[in-house]
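Here is a walk through one protein model, from charged pairs to enclosed space to single residues. Keep the structure open while reading.

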Amino acid sequence: MSPSMSESLRLSVAARLAKPYRLFVTPTGGEFEAWCRERPGTAVELVVSALALHELVAEPGLPLTDLDAVQAYAQQQFAHYFGATAQRFAIAPWRLGDAAGASALHGLDLTALRAQAQAARVRLAAVRPAWATWLASLPAATRAASGSVVWHEGAEGALTAVVIRLDRGLVTGLQSRRVQSLADLGGLDEGGPLAVGTPASDLAPQPGPVAPRPDFLPRSARSSLAWPLAATGALVLATAAWSAVDSHRALDVAQAARDRVATLRPSPAPRPAVRSARAEPAENRSAVEARALLAMPWEPLLTRVETAGAEAKTIAWLGLDASAGRGELRLEGLTPDKLLALQLAEQLGTTPGWRQVVLSRFSAAETGLVGQRFEIQARVATGGGS
């Protein structure tokens, strides 16, 4: 495997397993490309500025039974209000209980954002409206209440505010307004909004009532984790097989050269041709490892790793090493609590085909990383047994 291919594979796997950062983006969008170049092999959830969005909440009682119906309705409404330009809008529908709505992305090029992430080996995990990400981060009691919450951006004198109307936890209204100050917002409950958020707010999701989670990424692109992981596995197999072929050819050339040299030297007695004792084990190892990689069940294996990390929520994966010939796997990650790492190892140990799963290392994280670094080692079943 060439160094460039090996590095590309490492970054792709690291991005697939990484816990996404959250990055606030504005209509300029230029900050995202620079961010990606500095962080290859990571994952990101984009939090989109209200300046790049149009919002819609459907009238109650409409027969919008699923997200496809909500999206079709929203496209018609945006086309009615914004004309032909609405055809270029990316639409993120949402539906929760009897409430439904959609956001339209007009100030950013979604195709360009996805291309920038792909070029830098960054996994684009989600592209969500800022108001929705912030709403999911509010305390459970606030999200379950009735009243208004306000997300706002900009400086005093030129604010963009999104007023979110809640009715016992359901979003029944979304309205973007340009105001001089929050005091200029009319129609709010007496006493003001229940909560106010800005791009500087903590946007980590909190437990509690479910909030709308609109996402501008095509639903088909995030319907399954298994196929992207299978593609990564296929890349592993292809590069390993190519490496084995190169190794085999190089050994054959070296053996031929040794045979030619041997014919030029007189020998006191005929000696049987003997293949290099050193070359044979190296060639065999490459061939065995290539066959083992080809037989490795990459799709269920990597899907299980990613699912386990997602269930743990506070686990951030750093890397994965595999030896297919020996059926060994080594995972590295970050966690704020050793107990979570132990529970994760126990969880993986109950997975069919996994055995001897142990938490082999636990130490303080390096400078620049938050949490405790851990390492899990395991034996996993391969296609040819382990």
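A salt bridge here is a side-chain nitrogen of Lys or Arg within 4 Å of a carboxyl oxygen of Asp or Glu. The model is predicted. Side chains of opposite charge can pair when their charged atoms come close. With that cut-off, the structure holds 9 salt bridges.

Take one pair to begin with. The side chains of Glu 38 and Arg 39 form a salt bridge, with N and O 3.5 Å apart. That value counts because the cut-off is 4 Å. How exposed is Glu 38? Its relative accessible area is 60%, so Glu 38 is exposed. Arg 39 reaches 29% relative accessibility and is therefore partly exposed.

Now move along the chain to Arg 330. Its side chain meets that of Glu 375 in a salt bridge, at 3.3 Å from N to O. Arg 330 sits in strand β12, residues 328–335, and Glu 375 sits in strand β14, residues 372–380. The pair therefore ties together parts that are 45 residues apart in sequence. Arg 330 is partly exposed, at 23% relative accessibility. Glu 375 is buried, with a relative accessible area of 11%. The limit for buried is under 20%, which means that Arg 330 falls outside that class and Glu 375 falls inside it.

Glu 375 has another partner. Which residue is 3.6 Å away from Glu 375, counting the closest N and O atoms of a salt bridge? The partner is Arg 361. This pair also links distant parts of the chain: Glu 375 is in strand β14 and Arg 361 in strand β13, residues 354–364, with their positions 14 residues apart in sequence. Arg 361 has 33% relative accessibility and counts as partly exposed.

These pairs belong to a network. Salt bridges link Arg 330, Glu 332, Arg 361, Arg 373 and Glu 375. Glu 375 is the buried residue in the pairs described above, at 11%.

Next, the whole protein. Its secondary structure comes to 10 helices and 14 strands. Of its 386 residues, 41% are buried. Among contacts between residues at least 6 apart in sequence, 65% join residues at least 24 apart. The accessible surface comes to about 20100 Å². Carbon and sulfur atoms account for 55% of that surface.

Then the enclosed space. Rolling a probe the size of a water molecule over the atoms shows where empty space is left. How many cavities of 30 Å³ or more are there? The count is 1. The largest cavity holds about 40 Å³ of space. Its lining is made up of Leu 135, Arg 143, Leu 166, Gly 169, Pro 209, Val 210 and Ala 211. By class, that is 5 nonpolar, 1 polar and 1 charged residues. Gly 169 is the polar one because Gly counts as polar in this scheme, and Arg 143 is the charged one.

One lining residue, Pro 209, leads to Arg 168. The C-alpha atoms of Arg 168 and Pro 209 are separated by 9.8 Å, and the two residues are 41 apart along the chain. Arg 168 is in the loop between β8 (158–167) and β9 (170–179). Is Arg 168 buried or exposed? Arg 168 is exposed, at 68% relative accessibility. Leaving out residues up to four places away in sequence, Arg 168 touches Ala 144, Ala 145 and Ser 146.

Ala 120 also lies in a loop, the one between α4 (110–119) and β6 (123–129). Ala 120 is buried, with a relative accessible area of 13%. Which residues does Ala 120 touch, not counting residues up to four places away in sequence? They are Cys 36, Arg 37, Pro 40 and Gly 41. The C-alpha atoms of Ala 120 and Arg 37 are separated by 5.7 Å, and these residues are 83 apart along the chain.

The walk ends in a strand. His 152 is found in β7, residues 147–155. At 14% relative accessibility, His 152 counts as buried. Its contacts, not counting residues up to four places away in sequence, are Leu 159, Thr 160, Ala 161, Leu 182, Val 196, Gly 197, Thr 198 and Pro 199.

Terms used:
Residues are numbered from 1 along each chain as its sequence is written. This is a predicted model: local features need pLDDT of at least 70, side-chain atom pairs count only at pLDDT 80 or more; totals for chains, interfaces and linings use all residues. Side-chain values use heavy atoms; hydrogens and water are left out. Buried means under 20% relative accessible area, exposed over 50%, partly exposed in between (1.4 Å probe, protein chains only). Helices (H or I, at least four residues) and strands (E, at least two) are DSSP runs, numbered from the N terminus. On a 1 Å grid over the protein atoms alone, a cavity is a set of points where a 1.4 Å probe fits but cannot get out, and a pocket is an open set with protein on both sides within 12 Å along at least five of seven lines; lining residues have an atom within 4 Å of a point. Grid points are joined across faces, edges and corners, and a volume is the space filled by probe spheres set on the points. Contact means heavy atoms within 4.5 Å. Accessible areas come from the Shrake-Rupley method with a 1.4 Å probe; for residues, only the protein chains shown count as cover.
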